[in-house]
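Dear colleague,

I am handing over the structure we spoke about, so that you can look at the sequence and the fold together before reading my notes. Please open it first, and then follow the points below at your own pace.

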Amino acid sequence: MQNTFISRLRQRLAGFFPTAPIRVYLVVMTTVITLPLIIFVGYLMLKLEADERGDLQREAVEDARSVARNIDRRLQEMATSLNLLSQFPELENGDLEAFHKRVSESLQKQGLYVIIATADGQQRLNSRVAYGEPLTKVPSDIKLDSVLSARRIAVSNIFYGNTSKQWVFNVMRPLPPALSAAGDALIMTQNARDLMGLISTDGLPSGWTIAILDGDSHVVASSTPHSIAAGTAFGHTAAAEQMQAFSGSFEDGDGMIYAYSQLPGWSWKAVIWGPADNSHSALASTWRKMMIGSFALLIIAIAGAYLVGRQLRGSIRELVEMAKRIGEGEIVAPIDTKIKEANQVAIALSNASFDRSQAEDRTHLILHELVHRSKNMLTLVQAMMRQLARENTTVEDFQKEVDHRLRGLGMSISALSEVQWQGLPMRKLVETHLHVFGKVGEQVKLDGDDFLLSPEAVQNFGLIIHELATNSIKYGALSVPTAHVDLSWRRKTSPDHDQLTIDWNEVGGPPAVKPTRSGFGTTITKRHAEGAFSAVITTEYAKTGFRWTLVAPAHHFLAQKKPNGSD
């Protein structure tokens, strides 16, 4: 059903496309591809314009959170310093003079100062002034009593310091009762203007401002261009009332975007605000440039597709002419065009014309080789059947022996066919023939460097291995599970000769008994081996087992290397 539907769809599409030059199809294809891209770009620009304010708000919130994290780190550092100072032994001993001397110089380099006050706000130590000078009470605006009752570190609102004569803020820590000899609260104070270095305006849109507000919405520090003096109330009252969540952003009716983030664990917050349409003109300019560029790109693409189509048409016509000449039986030379792929096709067509002229010769060679190999196999089979016919007295025995030997020959031929009659490694041939005997074949231990046998050697030596294994299973070592056969081969090369020695040595089996008559097995393992490989065969029938050794010129076994370029 699905195939029928696809077939009908293809037929309708084939009828939909008219016959036209390739340049026409290229121009249409370019237009079909480019126009949707231009339309999609336009849609993206409209979407970008619609989402610009939302993205601006999200970026502003991230900036506010970043500033809040910077300020929070500074306050956390001050709180950590207070925790360390509270562990000084001078406080436990009530030795404020020694404490003043120890901390004043090191903290002053960082713009930090330490105050120790009692529960009623009276200062007992202030590192801004020399120890022993008269001190006043801390301002009530810092709400020291709330910090002492809550028993936790807190930051004060910004206030004007009577001693420093500038706007400052405090981080306050209640002291434990064990340190009451020193005071009730340990306070670290810093000038508000020192926080300006933590307010980064990098990445902010033009015309936007950052401010740090305390718990009463007074400005602690702010950035340009609308810098607000420290201690001034935040003038955007309506916007401040909307900043109730931990962080967020909103746009007011005047087109101003506000983003804020509360400092975690503190009463301060970071606020960022600016005009929402500061990037509108840049977006509109980008929109116009992109649309003009898109239509210019469309025109250029169509013109380019037309020119490419003309070039393709000329190259295809030349290839068609080559194909016609090949069809007429000519041998053609490759053409040279401006298109790399067309040149490759031309080379392929030229090669095809040469290959076709050689195909008949190659076919004749293959047939000749096939006839030659078939004759060799038939000669071998005929000799084998004549020998077996003399040894067997019944048709049934004759059929069994013929089937057994033909199976061995068939295994060699099958293995050769898998490698396209290119020869077979020595070890692969032996394992192929032993595999047919099952687990018995595992009792044969192979030893020797592997090498490639010629197809003729595969057939002849395959018969010999098959016959040796068959005789051993009947009468020799392979008939005993605990015995084994050592099959080894060694190649000895010298300037005078190249000799191969193959040794079949049965170990641990019954004593070998020399046969009283020469049967087919002897014919294969001796006379056939001697004739096929010009070999010297030695057999030994010992009490330790049967041993068969072949010594022959190695070239009768080795696959001959074919010259380069031959089949």
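I begin with helix H4 (residues 96-108), in a model that, please keep in mind, is predicted. The 13 residues of H4, at 1.5 Å a residue, should span 18 Å, and because the end C-alpha atoms lie 17 Å apart, the expected and the computed values agree. Should you wonder which residues of H4 are buried, they are Leu-96, Phe-99, His-100, Val-103, Ser-104 and Leu-107.

One of these, Phe-99, reappears in the largest nonpolar core, which holds 49 residues and in which Ile-71, Leu-75, Leu-85, Phe-99 and Trp-268 touch the most other members. The element that gives the most to this core is helix H2 (residues 22-85), with 12 residues. Apart from this core lies another, of 39 residues, and among its members are Phe-461, Ile-464, Ile-465 and Trp-489. As background, nonpolar side chains in soluble globular proteins tend to be buried together.

Helix H10 (residues 426-435) is also worth a look, with Met-426, Leu-429, Val-430, His-433 and Leu-434 as its buried residues. Viewed down the axis of H10, these buried residues fall within an arc of 125 degrees, and therefore they line one face of the helix. The general background is that an α-helix has 3.6 residues a turn, so residues three or four places apart point the same way.

Turning to the strands, there is an open sheet of 5 strands, paired antiparallel in the order S8-S7-S11-S10-S9. Its edge strands are S8 (219-222) and S9 (247-251), each of which pairs on one side only, and the twist from one strand to the next averages 20 degrees. Within this sheet, strand S7 (residues 209-213) pairs with strand S11 (residues 269-275) in the antiparallel sense over 5 bridges, and Ala-211 has Val-271 in S11 as its bridge partner.

Further along the chain, strand S18 (residues 545-553) is joined by 7 bridges to strand S16 (residues 498-507), the two running antiparallel, and here Asp-503 has Thr-549 in S18 as its bridge partner. Strand S17 (residues 536-542) also runs antiparallel to S18 and is joined to it by 7 bridges. S17 and S18 form a hairpin with 2 residues between them, and Ala-542 stands opposite Gly-545 in S18.

With best regards

Conventions
Residues are numbered from 1 along each chain as its sequence is written. This is a predicted model: local features need pLDDT of at least 70, side-chain atom pairs count only at pLDDT 80 or more; totals for chains, interfaces and linings use all residues. Side-chain values use heavy atoms; hydrogens and water are left out. Two strands pair if DSSP finds at least two bridges between them. Helices (H or I, at least four residues) and strands (E, at least two) are DSSP runs, numbered from the N terminus. Axes are lines fitted to C-alpha atoms, for helices over the stretch in contact, and angles run from 0 to 180 degrees between N-to-C directions. A nonpolar core is a set of buried Ala, Val, Leu, Ile, Met, Phe, Trp, Tyr and Cys residues joined through side-chain atoms within 4.5 Å. Buried means under 20% relative accessible area, exposed over 50%, partly exposed in between (1.4 Å probe, protein chains only). The expected span of a helix is 1.5 Å times one less than its number of residues. The arc is that of the directions from the helix axis to the C-beta atoms.
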